[in-house]
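Open the structure in your viewer and keep the selection panel at hand. The stops below go from one selection to the next.

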Protein chains: 2
Amino acid sequence: MENISSIKPTESELEILHILWQLGKATVRQVNDELSKNREVGYTTTLKLMQIMHDKHIVSRTEEGRYHLYQAEIGEEQTQQLLLGKFVDATFRGSAMRLVMQALGNQEVSLDELEEIKKLIAEKEKNLGN
Amino acid sequence: MENISSIKPTESELEILHILWQLGKATVRQVNDELSKNREVGYTTTLKLMQIMHDKHIVSRTEEGRYHLYQAEIGEEQTQQLLLGKFVDATFRGSAMRLVMQALGNQEVSLDELEEIKKLIAEKEKNLGN
DNA sequence: GAATATCTACGAAAATATTCGTAATAAAAT
DNA sequence: ATTTTATTACGAATATTTTCGTAGATATTC
């Protein structure tokens with residue numbers, strides 16, 4: 001990926017990216033099998049999507065004999081970060097704070113997870129305190 | 001809105017909703033003026049979008065003389081909550097925790113805001129502690 | 001009161017995203 | 001070696017979202 005901040009995978013592409021992030025390298029068949037666990041989807045549909053993603057350089061591929069092995073070209077965290085920024089802008093008018101408040105208030109978060117978040121806040125406060 | 005969990009405003013619709021949430025009631029002209037502050041957009045484009053939103057029952061309208069006065073039919077927090085849930089699923093595979101960590105780690109959040117978040121966490125821990 | 005401006009309604013074009021059918025090719029099985 | 005199976009390439013149909021042109025109605029201005 002050259003143009004790093006212009007990433008905008010569609011929802012379907014994101015589904016495929018998640019599978020590739022999990023599997024590392026995968027054939028269209030493997031990805032399609034994974035997708036099929038959740039919903040009906042034709043093999044050529046998945047193939048086409050992955051070809052488009054290849055055109056867009058968000059996945060790379062190598063030929064292994066007769067197959068193509070696909071691999072994500074953009075990192076999971078990096079992508080989440082970018083999508084998060086856009087989502088915050090679109091839905092929370094740029095206020096990450098409000099997003100966090102809503103997420104903590106209403107989404108499922110466990111006690112252990114809250115502890116981790118507290119640690120992160122403590123560190124962040126230390127840095128901001130400078 | 002009858003079918004509350006099937007809300008899925010598009011990005012353009014969300015932009016308009018933000019304006020309506022802010023203004024309360026507004027004419028197409030007012031909304032279009034607001035939109036135009038950010039980007040080029042034709043009046044009839046905005047009109048059409050708002051008509052579609054009316055068809056979908058995500059806004060209501062009353063006739064005031066020659067104008068129509070539009071008003072959001074879905075609440076801001078409620079909508080954000082729904083979109084947040086979908087976003088967490090699509091982008092963070094359902095882990096609100098990871099979203100919060102990333103948001104705190106990389107988005108802009110001030111010291112004061114961190115304090116507020118800490119308060120929220122404290123309360124939530126009290127409840128979860130039961 | 002004629003011209004101008006400002007609305008709404010509506011259809012359809014344009015842009016984007018998703019789905020799939022068909023053909024070509026290569027491998028595997030019989 | 002012929003048939004069956006699995007793969008890629010490609011075009012096109014379908015669906016969704018966004019944009020806008022045109023027409024008709026009603027007010028406003030000169």
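**Stop 1: DNA strand C**

Select DNA strand C and the residues near it (a heavy atom within 4 Å). There are 20 residues around the strand, and the closest are Thr10(A), Thr45(A), Arg29(B), Tyr43(B) and Arg66(B). This is a predicted model, in which local features need pLDDT of at least 70 and side-chain atom pairs count only at pLDDT 80 or more, while totals for chains, interfaces and linings use all residues. Residues are numbered from 1 along each chain as its sequence is written, chains are lettered from A and ligands numbered from 1 in the order in which they are written, and side-chain values use heavy atoms, without hydrogens and water.

Colour the surface near the strand by residue class: five residues are nonpolar, eight polar and seven charged. Here Ala, Val, Leu, Ile, Met, Phe, Trp, Tyr, Cys and Pro count as nonpolar, Asp, Glu, Lys and Arg as charged, and the others, Gly among them, as polar.

Which part of the strand faces the protein? Of the strand C atoms within 4 Å of the protein, 58% belong to sugar or phosphate and the rest to bases.

**Stop 2: the elements behind that surface**

Show helices (DSSP H or I, at least four residues) and strands (E, at least two), numbered from the N terminus. Helix H3 (43-55) of chain A, and helix H2 (28-38), helix H3 (43-55) and strand S3 (67-72) of chain B, each supply at least two residues of the surface near DNA strand C. H3(B) gives the most, with five residues.

**Stop 3: phosphate contacts**

Now look for polar contacts, pairs of N or O atoms within 3.5 Å; within protein, one must be able to donate a hydrogen and the other to accept it, and residues adjacent in sequence count only if both atoms are side-chain atoms.

- Gln51(B): a polar side-chain atom lies 3.0 Å from a phosphate oxygen of strand C.
- Arg61(B): a polar side-chain atom lies 3.3 Å from a phosphate oxygen of strand C.
- His68(B): a polar backbone atom is 3.3 Å from a phosphate oxygen of strand C.

**Stop 4: the two chains**

Superpose chain A on chain B by least squares on the C-alpha atoms of residues with pLDDT of at least 70 in both. A rotation of 180° with 0.1 Å of shift along its axis does this, with an RMSD of 0.1 Å. That is the relation of a two-fold axis. Centre on Val100(A), whose C-alpha, at 2.9 Å, comes closest to the rotation axis among the residues of chain A.
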